[in-house]
Amino acid sequence: MTVAVRPHTHGVATGDFNGDGNLDLVTDSWGENRLQLVFGDGKGGFQTPGTYVGVGNHPYQRIRVADLNSDRKADIVCTNLEGDNVTILLGDGKGGFRQPPGSPFPCGDSPFNVAIGDVTADGKADLAIVNSPGSTADGSGRNGMTVLMGDGSGAFTPMEGSPFVTREVPNLIAIGDINGDGVGDVVVSSPDTDSVTLFTMGRNASVTSRTTVPIPGRPKGVALVDVDSDGKADIVVTNNAQGCVTVRLSK
């Protein structure tokens, strides 16, 4: 289906935004600094043109949907590449959205990708964000990974030490419990260095270790999921230069 965005769409996410029990879509119109909501009819059809909601400067690449304030309504997270921040849109369950005080929240240079999960084991959604100025046209700024800790109401504050060091030109990111301690850990891919960076997180809102994991073939797409049912998330990575997928099992 055609979506009326400018100049073209990059990211897409899904959720029930208007409370009718049907899945809806949200995508970016990054040339206009806004997102487009397209409401579904539950039969595979979607109402176009959609409705729009304003965000920050250059909402490029990634959009995520989750319940950020525990009201059982879908909220939206959108990184703003040229704004160096992330917009939080809290849904009212009727198709409307509002930004909480402080949004857009600063999150380091050139936020390129975002994952949602609990990395502090407090039961509240946090954000792990890739900072990748090396992926932009001007290339200025500091590459790394920023953690924004959620307070359960839709507000976020940076974890001390952010942005954390990654390899050069970090790209995609995922959250999962890789050591079975009940705390979400973070992995960031760096295709140009044939590696991923693994951050194990602690209950005291800190990074407890940082490890570089070599993976050949320009690893890009990354997920943390328990593929061998041992209660620990494993690293799954796409190898762009080799046309295959690498799985690294947790110990």
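**View 1. Met145 and the residues it touches.** In this predicted model, leave aside residues up to four places away in sequence and look at what Met145 still touches. Its contacts include Ala128, Ile129 and Asn131. Ser162, Pro163, Phe164 and Thr166 are also among them, as are Ile173, Val186, Val188 and Phe199.

**View 2. Two nonpolar cores.** Met145 appears again here, in the largest nonpolar core, which has 19 residues. Which residues have the most contacts inside this core? They are Met145, Ile173, Val186 and Met201. Strands E10 (111-117), E11, E12, E14 (173-176), E15 (185-190) and E16 (195-202) each give two or more residues to the core. A second core, separate from this one, has 14 residues, including Phe17, Val55, Ala74 and Ile76.

**View 3. Strand E12 in its surroundings.** Why can we say that strand E12 (residues 144-150) is largely enclosed by the rest of the structure? Because six of its seven residues are buried, meaning that each has under 20% relative accessible area.

**View 4. E12 beside strand E11.** Now follow E12 alongside strand E11 (residues 126-131): the two run antiparallel and are joined by five bridges. To find one of these pairings, start at Ala128, whose bridge partner in E12 is Val147.

**View 5. The hairpin of E12 and E13.** Strand E13 (residues 156-158) also runs antiparallel to E12, and three bridges join the two. Here you can spot Gly150 with its bridge partner in E13, Phe156. E12 and E13 form a hairpin, with five residues between them. Take a look at Gly152 in the turn, which has a positive phi of about 90°.

Key: Residues numbered from 1 in each chain as written. Predicted model: local features only at pLDDT ≥ 70, side-chain atom pairs only at ≥ 80, totals over all residues. Heavy atoms only, no water. Buried < 20%, exposed > 50% of the residue type's maximum accessible area, 1.4 Å probe, protein only. Helix = DSSP H or I, 4+ residues; strand = E, 2+ residues; numbered from the N terminus. Pairing = 2+ DSSP bridges. Core = buried A, V, L, I, M, F, W, Y, C linked by side-chain atoms within 4.5 Å. Contact = heavy atoms within 4.5 Å.
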